[in-house]
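Work through the exercises below with the sequence and the model at hand. Each task is followed by a solution that goes step by step.

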Amino acid sequence: MTGRLAGRLIGLGVTGSIAAYKAVELLRLLQAEGADVAVMLSPSATRFVGPLSFAALSRHPVETELLELTEDGRIGHIVVGDSADAIVVAPATAHFLGAMAAGLAGDVVTATCLATRAPVIVAPAMDGDMWTHPATRRNVANLRDEFGYTIVEPEAGPLASGQSGVGRLAELPRIVDAVVAAIGDRQVRVPDPAARPPVVATARDADLANRHIVVTVGGTREAIDPVRFIGNRSTGKMGVAIAEAALARGARVTVIAASVEVGLPLGAAVVRVESTADLRAALLRTTHAPDGAAGFDALVMAAAVADFRPVRPADRKLERGSGLILELEPTPDLLAEVGRIAHGLDSEGAPTREPLRPVPFVVGFAAETGSLDRAAEKLRRKGADLLVANDVAEPGSGFGTDTNRVAMLAADGSREDLPLLSKREVADRLLDCVALALDERDAALQTGRTNEPSPEPA
Ligand code: CTP
């Protein structure tokens, strides 16, 4: 996974300097490196920047009050202190440096620093005279030499007072580099999202109302004989999370379920299948509505489809005998086939028939082991609009886990690497793309319609 902070949780403490607004950009830069970020604001920081933008961007509740508990009853700053891979305080005021040097935990930022065993990086910003004051010098020396904190020294330049001097918050990439260096090659401290700060359920609107979303879930089974089959490790958790999230956003959902180990969502129409051939038949039944229009707005192929099946499944139970050689044949690529139907293409990619109207949005998954380099090629080969790739060999990702770390690759060549998230949150991020793409599709259709020539007068 790309990003020097992929999988890391960074606690970002903001204190009351005029440079506090820069912390929003710092948050984005840390996220661009793959970090999950939880923000703490000192009371005076909240007078410069409100917690709302930090909460919306970080998707975690913003800690502002020492004595407030998280929704699930935990002590917020202790959770951050215990689970973060590093705490970065930027900007850090002279007051923060003094309080910290004295071990005074009067607000959430100082309390988190005191409560953590993670590396702490401090980027001061203040007036030039305050920076050179012996008290500040002593406090900085204390933090650096006694506590082992990394100090990202402020830079020279124009200051808020109108004067010039040393005291400007360091350039943000320097602060990010310092965080990366302080963490070094330590292991991710707490990969389990349940032990990290809670995720804010950013209330998503009913942005999939009137949409029909088809989700394939679970693993297909290919019969060897009436008793035995070739299967895979899919439990259906990711697909079910997508179906549940789509229902919560107002969609009509059809779940085509192969073998699953989890309950299927109430409120979805469910079609049960076993083999890849069953799944193909069920899918082909959904492509067209009775009036000939597209039968769904989006298809999410979260099912783990068998790649090979026995050429001739036995119709009676095979005896053990002295051994067995199975002849296998490749299964048809269902995602590619539905993609071709959607776009009216033949197997060579040439237009042969009418595309589905309106053209649905097709999402595939790519289960890889090791690098995700093949994912872009898979997206093209399968003609999907979006491919969600994950490394199933990575801890916390893949089969049976409640979390997943994925990269989302779009047909336009863009790629977004998400941090380790709950499967529900991954589902919502994926559906954010689906909802947006469908809205754009409809907007383009409407513009197209107004450009159509008016019918000939009778
Ligand atoms: N898929 C499919 N039909 C198949 C195999 C896979 O529709 N016969 C779909 C899966 O549901 C998934 C995507 O294709 O959405 C990618 O699956 P994956 O197993 O990663 O890719 P493969 O096509 O099997 O490619 P490879 O075996 O080379 O990894």
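**Exercise 1. Helix H1 and its surroundings**

Find the residue just after H1 that takes a positive phi, and then list the buried residues of the helix and what covers them.

Solution. Just after H1, the residue with a positive phi is Gly 34, at about 95 degrees. Before going on, note that this is a predicted model, in which local features need pLDDT of at least 70 and side-chain atom pairs count only at pLDDT 80 or more, while totals for chains, interfaces and linings use all residues. Residues are numbered from 1 along each chain as its sequence is written, and side-chain values use heavy atoms, with hydrogens and water left out.

Helices (H or I, at least four residues) and strands (E, at least two) are DSSP runs numbered from the N terminus, and H1 spans residues 22–32. Its buried residues (buried means under 20% relative accessible area, exposed over 50%, partly exposed in between, with a 1.4 Å probe and protein chains only) are Lys 22, Ala 23, Val 24, Leu 26, Leu 27 and Leu 30. The elements that cover these residues include the strands S1 (9–14), S2 (36–41), S3 (86–92) and S7 (164–168), together with the helices H2 (51–58) and H8 (172–183).

**Exercise 2. The surroundings of Thr 116**

Locate Thr 116, decide whether it is buried or exposed, and name its contacts.

Solution. Thr 116 sits in the loop that runs between helix H5 (108–115) and strand S4 (120–124). With a relative accessible area of 12%, Thr 116 is buried. Its side chain reaches the backbone nitrogen of Ala 118 at 3.0 Å. If neighbours within four places in sequence are left aside, Thr 116 is in contact (heavy atoms within 4.5 Å) with Gly 81, Ile 87 and Arg 189.

**Exercise 3. Unusual backbone angles**

Identify two cis peptide bonds and two residues other than glycine with a positive phi.

Solution. As background, most residues other than glycine have a negative phi, and most peptide bonds are trans. The peptide bond from Ala 90 to Pro 91 is cis, with omega near -5 degrees, and Pro 91 belongs to strand S3. Another cis bond joins Arg 357 and Pro 358, with omega about -10 degrees; Pro 358 lies in the loop between helix H11 (334–343) and strand S16 (361–368).

Turning to phi, Arg 59 has a positive value of about 60 degrees and is found in the loop between H2 and helix H3 (76–83). Asn 210, with phi near 65 degrees, is in the loop between H8 and strand S8 (212–217). Arg 59 counts as buried because its relative accessible area is 18%, whereas Asn 210 is exposed because its relative accessibility is 78%.

**Exercise 4. The two domains**

Describe how domain 1 and domain 2 meet, and find the salt bridge between them.

Solution. The domain assignment, whose bounds come from an automatic or database source, gives domain 1 (9–195) and domain 2 (212–446). Their C-alpha centres lie 42 Å apart, and the contact takes 5 residues from domain 1 and 8 residues from domain 2.

The domains bury about 480 Å² between them, 55% of it on carbon and sulfur atoms, where buried area is the accessible area (1.4 Å probe) that two parts lose on being put together, summed over both. Across this interface the rule finds 1 salt bridge, defined as a side-chain nitrogen of Lys or Arg within 4 Å of a carboxyl oxygen of Asp or Glu. Glu 425 forms a salt bridge with Arg 59, and the closest N and O atoms are 2.7 Å apart.

Conventions. Polar contact = N/O pair within 3.5 Å; in protein donor to acceptor, adjacent residues only side chain to side chain.
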